[in-house]
Amino acid sequence: MLLVYKDVFGIDHNDCHIVQTRHEFNRIFIIENEVGSRFTCIKDDAPLEKKMSGHWKYAKASDAPKNYAVPYKARKTKQPLKRGLRCGAINR
């Protein structure tokens, strides 16, 4: 059975596993997909804290940071070297 997790922005993620963390969190858990991107999810049974008036709610997917669900390696762009300079060369 394929589990679908919903992160804090309400975006669904397939083929993820729950990351084992050093400490247990009361209201959230972290998932990781097959390419190593991690996402924070809200637990269904998240307890209320003393100063909280209600349960946490999902944010809008449109509020997610730019390239939020894009794998890190896919985001990187190669920067061309400046003409006349080589790696490690000193410009004098």
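Contact here means heavy atoms within 4.5 Å. The model is predicted, so that local features need pLDDT of at least 70 and side-chain atom pairs count only at pLDDT 80 or more, while totals for chains, interfaces and linings use all residues. Residues are numbered from 1 along each chain as its sequence is written, and side-chain values use heavy atoms, with hydrogens and water left out.

**Exercise 1. Describe the secondary structure of the protein chain and the sheet formed by strands 3, 4 and 5.**

Step 1. Helices (H or I, at least four residues) and strands (E, at least two) are taken as DSSP runs, numbered from the N terminus; the protein chain has 1 helix and 5 strands, following the pattern β-β-β-β-β-α along the sequence.

Step 2. Two strands pair if DSSP finds at least two bridges between them. An open sheet with antiparallel pairing is built from 3 strands in the order 3-4-5, and its edge strands, each pairing on one side only, are strand 3 (17–18) and strand 5 (38–42).

Step 3. Strand 4 (residues 28–32) is joined to the antiparallel strand 5 by 5 bridges. Glutamate 32 stands opposite arginine 38 of strand 5, and in the hairpin of these strands, with 5 residues between them, glycine 36 takes a positive phi near 95°.

**Exercise 2. Place isoleucine 30 in its surroundings.**

Step 1. Isoleucine 30 lies in strand 4, and its bridge partner in strand 5 is threonine 40.

Step 2. Although isoleucine 30 and threonine 40 are 10 residues apart along the chain, their C-alpha atoms are separated by 4.6 Å.

Step 3. Not counting residues up to four places away in sequence, isoleucine 30 touches His17, Ile18, Val19, Thr21, Arg38 and Phe39.

**Exercise 3. Explain why cysteine 16 and cysteine 41 do not form a disulfide.**

Step 1. In general, a disulfide is a covalent bond between the sulfur atoms of two cysteines. The criterion applied is a pair of cysteine sulfur atoms within 2.5 Å.

Step 2. The closest cysteine sulfur to that of cysteine 16 belongs to cysteine 41, and because the two are 7.6 Å apart, they are too far for a bond. The structure accordingly holds 0 disulfides.

Step 3. Buried means under 20% relative accessible area, exposed over 50%, and partly exposed in between (1.4 Å probe, protein chains only). Cysteine 16 is buried, with a relative accessible area of 14%, and cysteine 41 also counts as buried, at 1% relative accessibility.

Step 4. A nonpolar core is a set of buried Ala, Val, Leu, Ile, Met, Phe, Trp, Tyr and Cys residues joined through side-chain atoms within 4.5 Å. The largest such core has 9 residues in all, including Cys16, Phe29, Ile31, Phe39 and Cys41, and the elements giving two or more residues to this core are strand 4 and strand 5.

Step 5. Apart from residues up to four places away in sequence, cysteine 16 touches Tyr5, Ile31, Glu32 and Asn33.

**Exercise 4. Determine whether glutamate 49 is buried, partly exposed or exposed, and find its contacts.**

Step 1. Glutamate 49 is located in the loop between strand 5 and helix 1 (72–75).

Step 2. With a relative accessible area of 36%, glutamate 49 is partly exposed.

Step 3. Leaving aside neighbours within four places in sequence, glutamate 49 is in contact with Asn26 and Arg27; the C-alpha atoms of glutamate 49 and arginine 27, 22 residues apart along the chain, are separated by 9.7 Å.
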